[in-house]
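This note is offered to a colleague who is meeting the structure for the first time. Please read the numbered points with the model in view.

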Amino acid sequence: MTNYHQKNVVIIGGGPAGLATALMLAKRGWKDITVLEKRPSADYYEPDKSFSYQIDGRGQKLTDLLDITDKLADLSVPNTDFYFTIIQKDGTRKTTKLPIADSKRKTAYWLPRASFVELLYQEIYQFWQDSIQVFFNTECLEIKQHPEYLEIITQSQNGEQLTFIPNLIVGCDGLNSIVRHTLHEMEGESNLFAMQKFPSPSAGLKYKVLSLPPQFPLSEQAGDVAQSTMAYAIRSAFKERKKAISLGLLPFKNPHQPRTANIITYPEHQIWQLETPAAVAEFFKAGFPQLPIEKIITPEEIARFTSSDGGKFPMPQYCSGLYQIFGKPEDNQGTAVILLGDAVHCFPPDIGQGVNSALEDIYVFQETLAATEDNLSQALPRYQNLRQADIKALIRLVQISYPWQYNQDQLQKKLWSVNFFVRLILNRLLPFLFNSHSFLLIQNHELSYSEILAKSQRTTQFLAMLGGLAILILIWSLSSCFKSFWL
């Protein structure tokens, strides 16, 4: 059975970017907005996607526009209250409060991805049902090209097909975007919508997520349990490179929500070679003697963890084309297409900008709609001109800002730390010449990614000049010493 619907907007992908785009368009007065999402519900729990977001000032430009920042704050742990406990293999612990790099910047908020998605969906459910319809369990099968418009063919879990002929298609469907893939095929030999990939030390790292009980025990002592608002790094007893591992837990506001422990390491690590639940259980028991592992990780969770494929950090990548227009969509005689979020730029989570850059995409898109009175043929080229350079700069920032944080190479991590503190100290001493490290500059949402990269590169040039001068002085000093010696 096939039903035909002519809709103004179809958004493919009902994650944070898709739902936030729907809310933005509805707030602008758009009607007939359809969101297509292949998952069964907004609160559907996927253990290997149960990571956390830090929504900073960049992302809050959109949440402020949508009037949901206060609700976001209620569900989150603010970075101003971020406490971090390291638990060593012998059970000793050290708790520190993460320093705030710049107290003048907006407070950033930590919350699980699922909580943010549910917040956006509840906004739709409570206030925008007249404008937005979300189809869960629905997958986009194909996007067909006609002379002046595009046709979307979808299928629900029960086999029912729906066909849409929208004026606007928004691709928020991630790295493997069917929207971008379709545009790439339509372009033929052009690489406008082909992802350009760049190397990074963190690309290719594998990860899995362990689901742990809320307030799980940290020892056999009664009442010694994990605090939901506390971040933890739990070190293993293993010392060998292919066995050493850590459990990383980010803070949750809800004390009744299951905790998630991230395991991130290189592909050749032993944990990825374990094939049976018994082998995995023994690995965790031997690796974390400071924890009552059998009280924390259930056999069912061990079995799920063992069978899970986990995930792999992608290479930093982006495509140059951000939009395409077929016909005249502003006259209801064509289809405009725009790509947002991971569909157009994707990278490892090193600098915490995945969700923030996506939300900023949507905010900039909103600004271009406002400037052009929602004329898509004018707004989309304007959007690309405004956003293209920032996306390219963002990918470069991912490469250089903090790729060694996963302990892939201790020497490289130490060199990164030296570079970080040299820039920090020079910025404090000579702020008119030197900028802080790009990892800190990214926290300033008032700076674009292009401006941050320019500041970082300018400081690199000054450091190179300073190093060159130091070498010349050293050569001159050695030369003078030799002359004095022979004379």
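1. Status of the model. The structure is a predicted model. The points below concern its nonpolar cores, a pocket, the pairing of strands, the cysteines and a few individual residues.

2. The largest nonpolar core. Which residues touch the most other members of the largest nonpolar core? They are Phe116 and Leu168, within a core of 84 residues. Helix H10, which spans residues 376-401, gives the most to this core, with 10 residues. A second core, of 28 residues, lies apart from the largest one and includes Phe216, Tyr232, Ile263 and Ile297. As background, nonpolar side chains tend to be buried together in soluble globular proteins.

3. The surroundings of Phe116. Leaving aside residues up to four places away in sequence, phenylalanine 116 touches Pro16, Tyr53, Ile55, Leu72, Leu111, Val355 and Leu359. The reader may wish to display this residue together with these contacts.

4. The second largest pocket. Its volume is about 340 Å³. The lining of the second largest pocket consists of 23 residues, and those nearest its centre are Ala42, Asp43, Tyr44, Tyr45 and Ala114. Helix H4, residues 113-127, supplies the largest share of this lining, namely five residues.

5. The hairpin of S10 and S11. Strand S10 (residues 138-145) and strand S11 (residues 150-156) run antiparallel and are joined by seven bridges. Four residues lie between the two strands, which form a hairpin. Within this pairing, isoleucine 143 of the one strand stands opposite isoleucine 152 in S11. In general, strands of a sheet pair through backbone hydrogen bonds, in either a parallel or an antiparallel manner.

6. The sheet S4-S8-S5. Three strands form an open sheet in this order, with antiparallel pairing. Which strands are at its edges? Strand S4 (52-55) and strand S5 (77-78) take these places, each pairing on one side only. S5 is joined by two bridges to strand S8 (residues 109-112), and the two run antiparallel. Valine 77 stands opposite tryptophan 110 in S8.

7. The sheet S14-S20-S23. Here too an open sheet is made of three strands, in the order S14-S20-S23, and the pairing is antiparallel. Its edge strands are strand S14 (196-197) and strand S23 (345-346), each of which pairs on one side only. Two bridges join strand S20 (residues 317-318) to S23, and these strands run antiparallel. In S23, cysteine 346 is the bridge partner of glutamine 317.

8. The cysteines. How many disulfides does the model contain? The count comes to zero. A disulfide is counted where two cysteine sulfur atoms are within 2.5 Å. For cysteine 319, the closest cysteine sulfur is that of cysteine 346, and because it is 11 Å away, it is too far for a bond. The converse also holds: from the sulfur of cysteine 346, the closest cysteine sulfur is in cysteine 319, at 11 Å. Cysteine 319 counts as buried, with 1% relative accessibility, and cysteine 346 is buried as well, with a relative accessible area of 8%.

9. Two residues with positive phi. Most residues other than glycine have a negative phi. Glutamate 373 has a phi near 55 degrees, a positive value in a residue other than glycine. Glutamate 373 is found in the loop between helix H9 (354-371) and H10, and is exposed, with a relative accessible area of 73%. Asparagine 407, which is not a glycine either, has a positive phi of about 60 degrees. The place of asparagine 407 is the loop between H10 and helix H11 (410-429). Asparagine 407 is partly exposed, with a relative accessible area of 34%.

10. Serine 417. Where is serine 417 found? Its place is in helix H11. At 25% relative accessibility, serine 417 counts as partly exposed. The C-alpha atoms of serine 417 and tyrosine 402 are separated by 9.5 Å, and the two residues are 15 residues apart along the chain.

How values were computed
Residues are numbered from 1 along each chain as its sequence is written. This is a predicted model: local features need pLDDT of at least 70, side-chain atom pairs count only at pLDDT 80 or more; totals for chains, interfaces and linings use all residues. Side-chain values use heavy atoms; hydrogens and water are left out. Buried means under 20% relative accessible area, exposed over 50%, partly exposed in between (1.4 Å probe, protein chains only). Two strands pair if DSSP finds at least two bridges between them. A nonpolar core is a set of buried Ala, Val, Leu, Ile, Met, Phe, Trp, Tyr and Cys residues joined through side-chain atoms within 4.5 Å. Contact means heavy atoms within 4.5 Å. On a 1 Å grid over the protein atoms alone, a cavity is a set of points where a 1.4 Å probe fits but cannot get out, and a pocket is an open set with protein on both sides within 12 Å along at least five of seven lines; lining residues have an atom within 4 Å of a point. Grid points are joined across faces, edges and corners, and a volume is the space filled by probe spheres set on the points.
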